[in-house]
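Me: I have a structure open and a list of terms I do not fully trust. Can we go through what each one rests on?

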Amino acid sequence: MNKKVLILDASAFIGKFYFYLPNGKYITVPGVLNEILDEKIKNVIETYIQSQKIEIKSPSTRSIKIVEQVASETGDLPYISETDKQILALALEYKNKGFKTTIISDDYAVQNIAKKLTINFVSLVQKGIRYLISWEIYCPACGKRFPPSYADDICDVCGEKIKRKAVKKKLLRGKENEKFKGINRKSQRT
Ligand SMILES: [Zn+2]
């Protein structure tokens with residue numbers, strides 16, 4: 001059996017990866033919607049969820065613990081969000097069940113941990129979909145905002161765990177993009 005699953009993180013949705021693989025099986029985690037501020041993208045995701053094109057699944061606490069352990073070994077733990085942990089933990093569970101699992105993410109820390117867990121990953125940049133994304137890092141309790149370089153995951157004012165949201169997207173069109181648009185057009189005929 002060669003069952004394939006694609007696990008999508010917030011960067012995959014912001015880069016509109018779902019336009020490029022219309023027949024794939026997509027899975028994501030509950031936290032992803034919280035990381036996306038763009039209402040249009042949120043609506044698209046919700047439509048996909050309703051039509052069961054995208055499934056939302058939660059990993060077990062046990063799998064999350066494994067991911068946290070590996071992330072602390074690679075030094076990536078301060079750089080990943082709860083959602084990132086869910087993405088990686090879910091991918092690990094599918095991989096252990098024998099699925100051909102690929103994470104779609106442009107997040108370097110996620111890719112790095114995936115590598116360590118021997119889970120395949122693809123970035124949108126590799127697919128020729130180039131865009132810029134920036135993260136807003138903030139404290140949900142006192143509202144303080146932090147620069148992207150802020151390495152700690154605890155607010156230095158009130159001690160709350162800080163959160164982040166993807167806030168910007170800019171598609172940089174190029175030859176590679178044209179190629180993928182062609183594939184998209186073909187697949188839409190079915
Ligand atoms: Zn705070």
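**The sheet and the zinc site**

Reply: Start with the sheet: five strands form an open sheet in the order β3-β2-β1-β4-β5, paired in parallel. β3 (54-56) and β5 are the edge strands, because each has a single partner strand and so one side without a neighbour in the sheet. From one strand to the next the twist averages 30 degrees. Keep in mind that this is a predicted model.

Me: How do you know that β1 and β4 are paired?

Reply: Two strands pair if DSSP finds at least two bridges between them. Strand β1 (residues 4-8) and β4 are joined by five bridges and run parallel, so they meet the rule for a pair. One of these bridges links Lys-4 with Lys-100 in β4.

Me: What makes β4 and β5 a pair?

Reply: The rule asks for at least two bridges. Three bridges join β4 to strand β5 (residues 120-122), and the two run parallel. Ile-103 has Phe-121 as its bridge partner in β5, and Ile-104 has Val-122. Between β4 and β5 the chain passes through helix α5 (residues 108-116), in a right-handed β-α-β crossover.

Me: Why is the β-α-β crossover called right-handed?

Reply: The term applies if, with the strands pointing away from the viewer, the path from the first strand over the helix to the second runs clockwise. The crossover from β4 through α5 to β5 is right-handed, so its path is clockwise in that view.

Me: What is meant by calling β4 mostly covered?

Reply: Buried means under 20% relative accessible area. In strand β4 (residues 100-104), four of the five residues are buried.

Me: Why is Ala-12 counted as buried?

Reply: Ala-12 has 0% relative accessibility, and the cut-off is under 20%, so the residue counts as buried. Ala-12 lies in helix α1 (residues 10-14). Its C-alpha atom is 9.2 Å from that of Ile-103, although the two residues are 91 apart along the chain.

Me: Which residues hold the zinc ion, and what makes them donors?

Reply: A donor is an N, O or S atom within 2.8 Å of the metal. The SG atoms of Cys-139, Cys-142, Cys-155 and Cys-158 lie 2.2 to 2.3 Å from the zinc ion, so they qualify. Along the sequence these donor residues follow the spacing C-x2-C-x12-C-x2-C.

Me: Why is the zinc site called tetrahedral?

Reply: Four donors count as tetrahedral if all angles lie between 85 and 135 degrees. At this site the angles among the four donor atoms are 100 to 123 degrees, so the label applies. For four tetrahedral donors the ideal angle is 109.5 degrees.

Me: Which of the zinc cysteines are buried, and which are partly exposed?

Reply: Cys-139, at 1%, is buried, and so is Cys-155, at 3%. Cys-142 is partly exposed at 39%, and Cys-158 likewise at 41%. The cut-offs are under 20% for buried and over 50% for exposed, with partly exposed in between.

Me: How many disulfides are counted?

Reply: A disulfide needs a pair of cysteine sulfur atoms within 2.5 Å. By that rule the count is zero.

Me: What makes Pro-147 partly exposed?

Reply: Its relative accessibility is 44%, which falls between the 20% and 50% limits, so partly exposed is the term. Pro-147 sits in the loop between β7 (145-146) and β8 (163-172). The C-alpha atoms of Pro-147 and Glu-136 are 7.9 Å apart, with their positions eleven residues apart along the chain.

Definitions and conventions. Residues are numbered from 1 along each chain as its sequence is written. This is a predicted model: local features need pLDDT of at least 70, side-chain atom pairs count only at pLDDT 80 or more; totals for chains, interfaces and linings use all residues. Side-chain values use heavy atoms; hydrogens and water are left out. Buried means under 20% relative accessible area, exposed over 50%, partly exposed in between (1.4 Å probe, protein chains only). Donors are N, O and S atoms within 2.8 Å of the metal (3.2 Å for Na, K and Ca); water is not among the atoms, so sites may look incomplete. Four donors count as tetrahedral if all angles lie between 85 and 135 degrees; four count as square planar and six as octahedral if opposite donors are over 155 degrees apart and all others between 65 and 115; anything else is irregular. Axes are lines fitted to C-alpha atoms, for helices over the stretch in contact, and angles run from 0 to 180 degrees between N-to-C directions.
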